[in-house]
Amino acid sequence: ISIFENNYEIKGVCTMQVVFEETWEDTLSDQQKQAFIHQYKTKKPVHKGFTASPILMKRKRDGGFVATVFLQNNRSSLLSIREVTATVLNEQEEVIAQDKFVLTLDVPPYTATPWSFVLSPDNVQSVDEPSDSWRLLVK
């Protein structure tokens, strides 16, 4: 994980940074990284220990679903993500899609890392188009 130049205050005490996992770091252009950083700055700060803040949710042509989020670690310790269940919820809190993922991702303290969860068509329970009020629950 590399930390890209971006700091801002949350609660006036800790400095938050956007970090990119190695694959993202190697793949994204500086312009794309800056776009993620800009988008993160415009989000309402969340003060929970861990949260997944939506960036983009879209349906794939094959009927699958992609949920790109900021995995935000607001704790003072490293967050190691190994096995998670990602659940896409609509505005009525109904499950739209759900799948289990095995990751090797470490999110440093007080950072946000962009990440995409790709759910296969077999794990999508709705044909509804995503709206801005949909969210991703990561447990």
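This report walks through the strands, the nonpolar core, one loop proline and the largest pocket of the structure above. Please keep in mind that the model is predicted.

**Strands and their partners**

Let's start with the open sheet, which has three strands in the order 7-6-9 and antiparallel pairing. Strand 7 and strand 9 are at its edges with a single partner strand each, so each has one side without a neighbour in the sheet. On average, neighbouring strands here are turned by 30° against each other, direction ignored.

Two antiparallel pairs can be set side by side, each with one pair of facing residues:

| Strand pair | Bridges | Residues standing opposite |
|---|---|---|
| Strand 5 and strand 8 | nine bridges | Q72 and A112 |
| Strand 6 and strand 7 | ten bridges | A86 and D99 |

Strand 8 covers residues 111-119, and seven of its nine residues are buried, so the rest of the structure largely encloses this strand.

**The nonpolar core**

In soluble globular proteins, nonpolar side chains tend to be buried together. In this model, the largest nonpolar core has 35 residues, and F65, L71, I81, V88, L103, F117 and L136 have the most contacts inside it. Two or more core residues come from each of strand 3 (14-20), helix 2 (30-42), strand 4 (50-59), strand 5, strand 6 (79-89), strand 7 (95-107), strand 8 and strand 9 (135-138). Strand 7 gives the most, with six residues.

L136 is a handy residue to click on if you want to look around the core. Leaving aside residues up to four places away in sequence, L136 touches A52, M57, A67, V69, A86, T87, V88 and F117. Two of these names have come up already: V88 and F117 are, like L136, among the residues with the most contacts inside the core.

**A proline between two strands**

The loop between strand 7 and strand 8 holds P108. Is P108 buried or exposed? Its relative accessibility is 19%, and the cut-off for buried is under 20%, so P108 counts as buried. P108 is 33 residues from R75 in sequence, while their C-alpha atoms are 8.7 Å apart in space.

**The largest pocket**

Finally, the largest pocket holds about 220 Å³ of space. Its lining is made up of K48, F50, T51, A52, P54, D132, S133, W134, R135, L136, L137 and V138. Strand 4 and strand 9 each supply at least two of these lining residues. L136 therefore turns up twice in this tour, since it lines the pocket and is also one of the core residues with the most contacts.

Technical notes. Residues numbered from 1 in each chain as written. Predicted model: local features only at pLDDT ≥ 70, side-chain atom pairs only at ≥ 80, totals over all residues. Heavy atoms only, no water. Buried < 20%, exposed > 50% of the residue type's maximum accessible area, 1.4 Å probe, protein only. Helix = DSSP H or I, 4+ residues; strand = E, 2+ residues; numbered from the N terminus. Pairing = 2+ DSSP bridges. Core = buried A, V, L, I, M, F, W, Y, C linked by side-chain atoms within 4.5 Å. Contact = heavy atoms within 4.5 Å. Axes fitted to C-alpha atoms, helices over the stretch in contact; angles between N-to-C directions. 1 Å grid on protein atoms, 1.4 Å probe; cavity = no way out; pocket = protein on both sides within 12 Å on 5 of 7 lines; lining within 4 Å. Points joined across faces, edges and corners; volume = space filled by probe spheres on them.
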